[in-house]
Structures are given as C-alpha cells and as structure tokens.
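This report works from the whole chain down to single elements, and it is best read with the coordinates open alongside.

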Amino acid sequence: MLILGIFAYQHDASACLIENGKLISFIEEERLNRERHSAAFPELSIKYLLKQHNKTLDDINYVTICWKPGLEIISNFVNVVKNFPKSLNLIKAGATQNEISLVSRLKKQFNLKEQFKKSGFKLNKKTKIIEIEHHIGHAASAFLVSEFEESAIITWDGRGENTSVLLSKGSGNQITKLKEIKIPESLGIFYSAITTYVGFKLFDEGKTMGLSAFGTDKYLKDFDDIIYKYENSFKINQKYFTYMTHGRNKYLSDLFVSKFGPPRKYNEKITQHYMDIAYAAQKKLEEIGIHLVKYLKKICPSENLCITGGVALNCIMNQKISETNLFKNIFIQPIASDAGTSIGGAYYLYNSILDYKRSYEFKNIYLGPSYSETEIEEYLTNKKLKYSKSENLFLETAKILSEGKIIGWFQDKMEGGPRALGNRSILADPRNENIKEKLNTIVKKRESYRPFAPAVLNEDKNTFFKMNYDSDYMILSADVVNDKKKLIPAVTHVDGTARVQTVKKDLNYKFWSLINEFKNLTGMPILLNTSFNENEPIVCHPKEAIECFLRTDLDFLILQNFIVKK
Ligand SMILES: [Fe+2]
C-alpha cells in the first residue's frame with residue numbers, strides 16, 4: 001500500500017510517501033522550487049519522491065490532502081454575509097493566500113485531479129484522492145506517529161477550514177474531537193496580526209517571539225481587552241481587528257492604530273514601544289495557551305500530550321506548557337506547520353480510516369534528498385574550488401570551529417521542518433561572544449537581536465539547561481543554568497533562555513560525533529547551530545550550499561567529507 005500525502009495552495013506545500021505504514025520520504029516544496037513557504041502545487045516534490053523510490057503514479061493507491069474546501073466555503077459564506085459589504089475584500093488577491101484570490105484557490109482545490117494533469121502527472125483511474133479535515137490532519141501528524149498508545153492532543157494554527165484550535169483525544173488508531181474553537185477566535189491570526197504591527201512579514205512570527213524578550217509589561221493590561229480567556233476558550237475583541245473582512249491584507253483596525261500608534265515599517269528602527277507590544281502579545285498567547293492546555297487535561301486526563309499546528313512553532317510557549325508539568329510526556333511534531341499535514345493526512349487514512357494498526361514512530365526527521373560524493377565533487381570541480389577530502393572529518397572540523405571559524409555543514413539527507421538540525425547547518429563556537437555579530441554581518445543578514453540556537457550533546461543537556469523534556473528537534477526553549485550563561489553567550493537570549501536541540505547519537509551520529517569531538521577539544525559539549533541559508537529556504541542541493549558559501553563570508557564549507565576553505 002502506497003500513499004502519497006500532499007499539502008498545497010495555502011502555504012508550506014509538501015509531499016510525503018508512506019509505504020505499508022512507514023514514512024519513507026518527506027519534502028517541502030520550498031526546498032526544491034526555492035520559494036519560501038511556497039503555496040504551489042507540490043509538483044517538484046512529487047517528482048522527487050517518485051524518482052527517489054523508483055515509483056510511478058500507477059503505484060500510488062491513495063492521495064491525501066488535509067483541506068476540505070467545501071467546509072471552508074460554508075464558513076466563508078457565513079462570514080461574508082455577516083460582515084457584508086466589507087467582507088467582499090476577502091475576495092481580493094492576497095487576502096487568504098499570498099498571490100492568488102480566494103476564488104482561484106478554491107477552484108484549484110476543488111479540482112485536484114486537474115492540478116495533477118497540469119503538472120504532467122497521469123493519475124491512475126483507481127487512485128483515490130481523499131480530503132481530510134485540516135486539524136484532524138495536524139492531530140494525526142503528531143499522535144499517530146507518536147510513541148503513545150493514548151494521548152491528549154492540541155492543534156493550533158491560524159485557521160483550518162474554519163477551526164483554529166482542536167482539542168482531541170487519541171486512542172489506538174483513532175482520534176476523537178473533544179472541542180473545536182473556530183474563527184474569528186484564532187491564536188495564530190492574533191500573533192500574525194501583531195507580527196505585522198511590529199514590522200515583520202507574514203511567517204516571521206519567530207522574530208516577534210524573539211523580540212518579546214526585550215519588552216516590558218507596559219501594554220499587558222491593555223491587551224486584556226484585546227484577547228482574553230472566556231470560559232473554556234478565549235475571545236478576540238474584533239473591534240481591534242479587520243482580518244474577518246480583509247484577511248491577510250489588513251489585520252488590524254483603525255482603533256488598534258489609534259490606541260497604540262502606527263505600525264512599524266519594515267526598515268524602521270525597532271523601538272522599545274514595539275518590543276513592549278511583542279511582549280504583551282507573547283504573554284497573552286502563553287496565558288491563553290496554558291488555559292486551553294489545562295482544560296484539555298481536565299477533559300482528557302492523559303499522562304501524554306501531543307502538540308502541533310503553526311502556533312506550536314512558538315518554542316517559548318512550548319517551554320511554558322512543559323513547565324506546568326501537567327503531562328508526564330510531551331511530543332511536539334517538529335514539522336508543526338501545514339507542511340506536516342501531508343504526513344498527518346496519509347497516516348489518518350492508513351490508520352484511522354483504513355484501520356491498519358499503528359506501527360511507525362516518528363524519530364527520524366532526516367527524510368529529504370541526499371547527494372553522492374561523486375555528484376558533490378563534480379560541482380566543486382565545476383566551480384573550480386580548491387578542496388581536500390578529510391580522513392578524520394569530525395576532529396578536523398572541531399579544530400576549525402574551535403579556532404573561531406564559521407562553517408557551512410552539509411551532510412546526508414536533508415532534515416524536514418523549519419529548523420536545521422545538523423545536516424544543513426551553519427555551525428560556530430558558542431563560547432565566542434562576537435560570533436553572533438559576525439554571523440549576522442557575514443551571512444545571516446538578520447536582525448541583530450535575534451538569538452542563535454545551541455545544539456547540545458543529550459548527555460550534557462542538564463549541565464547547561466533546565467529541561468524536563470528532550471528537544472530533539474529544536475522546538476522547545478529552556479532556561480540556561482545561571483552560572484553557565486557566561487560560558488555560552490552566543491546562544492543565550494537576553495531573557496536567559498535558549499532554543500535547544502538535544503543531539504542524540506542514535507538520531508544523528510555524524511552531528512553527535514562532531515559535537516563530541518568539539519567537547520574533547522574544548523570541554524564544551526555545545527555548538528551554535530543555525531540554518532544553512534541566506535534569506536532563502538534552507539539549502540537543499542550541494543550547488544545551493546556552494547553558492548551560499550561563495551556569496552557570503554563563511555570561512556569553510558564542509559560537504560560530506562570535502563572541506564573547502566575560503
Ligand atoms: Fe494549519
């Protein structure tokens with residue numbers, strides 16, 4: 001049984017293949033078409049998956065997609081009538097999707113077979129396309145591949161067809177809905193709205209989270225009127241927002257602007273005012289998030305919790321949830337964005353609809369493309385680069401890092417999800433206070449306040465970080481132990497937290513070995529780890545890594561065993 005799971009047309013398009021219940025590959029379309037958060041039909045991803053596994057579309061039994069356009073239409077219709085005529089703005093391009101209008105998107109979604117045809121694919125007549133509700137897809141992407149036999153599940157994002165939060169219970173191979181919170185109430189949209197106010201773009205919510213650490217509680221009381229707990233749910237005061245009538249084209253009302261002043265323009269200085277707004281938004285998000293998690297525990301008293309959906313990328317909120325100690329075990333699906341629903345949809349079909357027993361546990365996130373040394377060497381030669389082949393890669397690289405150099409590190413299969421986890425990473429020495437500035441100047445070209453993340457040997461995590469749970473996929477932040485903060489200034493944020501990746505030998509042998517060699521040399525079991533890119537999707541192909549290396553002032557590029565020095 002071969003299932004092709006896809007996600008398309010919203011953002012974070014992706015595709016995966018599940019063969020007899022095992023996830024054999026996963027890729028985001030942005031990694032191949034090089035368009036960040038691509039909302040395209042995942043044509044390149046599907047071609048890659050089929051070629052990689054020597055399959056044709058005839059081999060595919062089912063295609064799944066986690067969006068029910070019919071359900072969205074009903075919700076949109078009710079909203080358009082309720083907010084008429086202002087709601088007609090929702091039909092404009094960009095209101096519900098980056099480039100195309102609502103109508104042309106829905107048209108595409110309703111005729112998926114046509115989209116396959118347009119991309120040059122001939123779907124077998126026997127291949128069925130199965131639509132699955134968006135939040136069920138999110139929930140399945142966490143629970144059905146978790147280690148838990150039963151679990152409470154929370155999924156939260158901007159919105160699905162009409163749901164923005166789903167509380168559910170997973171048991172065996174089934175998922176039961178317990179409570180749905182629908183738009184206009186949406187934690188994801190609230191946070192996106194504030195993100196645009198503080199001067200960042202869509203999908204830059206992580207920047208708002210980082211900025212919040214510099215804020216004060218100046219506006220916290222004001223925000224009590226904007227978003228607040230309400231019974232077992234929450235409310236967003238629509239007086240301050242316009243997303244129900246203008247979508248992404250205009251999130252905030254004139255009232256919000258008259259109360260808090262004009263939004264920051266992208267290139268304007270970030271003043272304390274915007275830091276305080278970010279702080280208020282982050283605190284309210286955490287307050288409501290914990291309120292919902294407590295309610296979930298009440299209606300589903302499990303020891304286990306699964307979390308996913310775009311809001312689950314907020315690792316500070318994840319930290320706050322973990323610190324409640326309400327659940328003994330927590331699994332946060334690292335591909336928490338909509339891209340992860342291609343996995344969830346395929347598993348929901350396989351386990352919950354077709355009733356196959358669960359047998360797969362998500363541990364390995366390195367599910368993307370890899371390239372042979374012959375291929376890599378060809379690119380290096382073409383670019384006339386001088387390189388050497390290392391006989392002792394980990395030791396040699398650790399020495400380079402200990403000398404304060406910044407390297408691009410490219411190994412084996414690419415990681416899925418938004419974080420670089422040691423196969424397409426830029427690495428540096430976390431002890432060096434100046435490295436952050438150097439990194440921002442020479443390659444990342446990003447806001448100087450933003451923190452970089454530590455990748456720590458799992459064995460040493462508690463020496464440096466206060467953690468109740470592992471963070472194998474860098475989706476949980478943790479407080480840095482007080483007397484260790486000064487030892488790792490490059491990865492300690494202003495509020496004393498760090499977005500940790502706990503590196504395990506059995507999950508990534510090469511990355512673990514490199515950090516271990518660095519520890520042997522320096523005594524420090526940590527490396528600074530940031531994604532290998534320069535304002536683009538993370539590099540996927542060796543040629544993108546080489547181009548990024550040549551464009552920027554990275555000191556070294558290490559591709560498999562090849563070492564290139566600038
Ligand atoms: Fe979503």
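## Overall dimensions

For a chain of 566 residues, a compact globule would be expected to have a radius of gyration near 24 Å, and the chain has 23 Å, so the two values agree. The model is a predicted one, and its C-alpha atoms fill a box of roughly 65 × 60 × 45 Å when the box is taken along the principal axes.

The chain has 20 helices and 22 strands, and 61% of its 566 residues count as buried. Among contacts between residues at least 6 apart in sequence, 71% join residues at least 24 apart. The chain exposes about 22300 Å², and carbon and sulfur atoms supply 49% of that area.

## Domains

The domain assignment divides the chain into domain 1 (2–145 + 336–353), domain 2 (187–332) and domain 3 (373–565). The C-alpha centres of domain 1 and domain 3 lie 32 Å apart, and across this pair nine residues of domain 1 are in contact with 14 residues of domain 3.

## Nonpolar cores

The largest nonpolar core has 63 residues, and those with the most contacts inside it are Ile154, Trp156, Phe223 and Leu305. Helix 12 (residues 272–299) gives the largest share of this core, with 13 residues, while domain 2 (187–332) and domain 3 (373–565) each contribute at least three residues to the core.

Ile154 can be followed individually: when its neighbours within four places in sequence are left aside, its contacts are Val165, Leu166, Leu167, Leu292, Val293, Leu296, Leu305, Cys306, Ile307 and Thr308. A second core, separate from the one that holds Ile154, has 62 residues and includes Val456, Val539, Cys540 and Leu559.

## Helix 17

Helix 17 (residues 435–444) is largely enclosed by the rest of the structure, because seven of its ten residues are buried. The buried residues are Ile435, Lys436, Leu439, Asn440, Ile442, Val443 and Lys444, a list in which two lysines and an asparagine stand beside the aliphatic side chains.

These buried residues of helix 17 pack against strand 15 (424–428) and strand 20 (526–531). Just after the helix, Lys445 takes a positive phi of about 50°.

## Strand 21 and its partners

Which residues of strand 21 are buried on each of its faces? In this strand (residues 556–559), Phe556 and Ile558 on one side and Leu557 and Leu559 on the other are all buried, so that both faces are covered. Leu559 is also among the residues of the second core.

Strand 21 pairs with two other strands. Strand 14 (residues 407–410) runs parallel to strand 21 and is joined to it by four bridges, with Gly408 having Leu557 as its bridge partner. Strand 22 (residues 562–565) pairs with strand 21 in the antiparallel sense, again over four bridges, and here Leu557 stands opposite Val564. Leu557 therefore has a partner in strand 14 and another in strand 22, given that pairing is defined through bridges.

The connection from strand 21 to strand 22 is a hairpin with two residues between the strands, and Gln560 in the turn has a positive phi of about 50°.

Definitions and conventions
Residues are numbered from 1 along each chain as its sequence is written. This is a predicted model: local features need pLDDT of at least 70, side-chain atom pairs count only at pLDDT 80 or more; totals for chains, interfaces and linings use all residues. Side-chain values use heavy atoms; hydrogens and water are left out. Buried means under 20% relative accessible area, exposed over 50%, partly exposed in between (1.4 Å probe, protein chains only). Contact means heavy atoms within 4.5 Å. A nonpolar core is a set of buried Ala, Val, Leu, Ile, Met, Phe, Trp, Tyr and Cys residues joined through side-chain atoms within 4.5 Å. Domain bounds come from an automatic or database domain assignment. The radius of gyration is taken over C-alpha atoms; the globule rule is 2.2 Å times the number of residues to the power 0.38. Accessible areas come from the Shrake-Rupley method with a 1.4 Å probe; for residues, only the protein chains shown count as cover.
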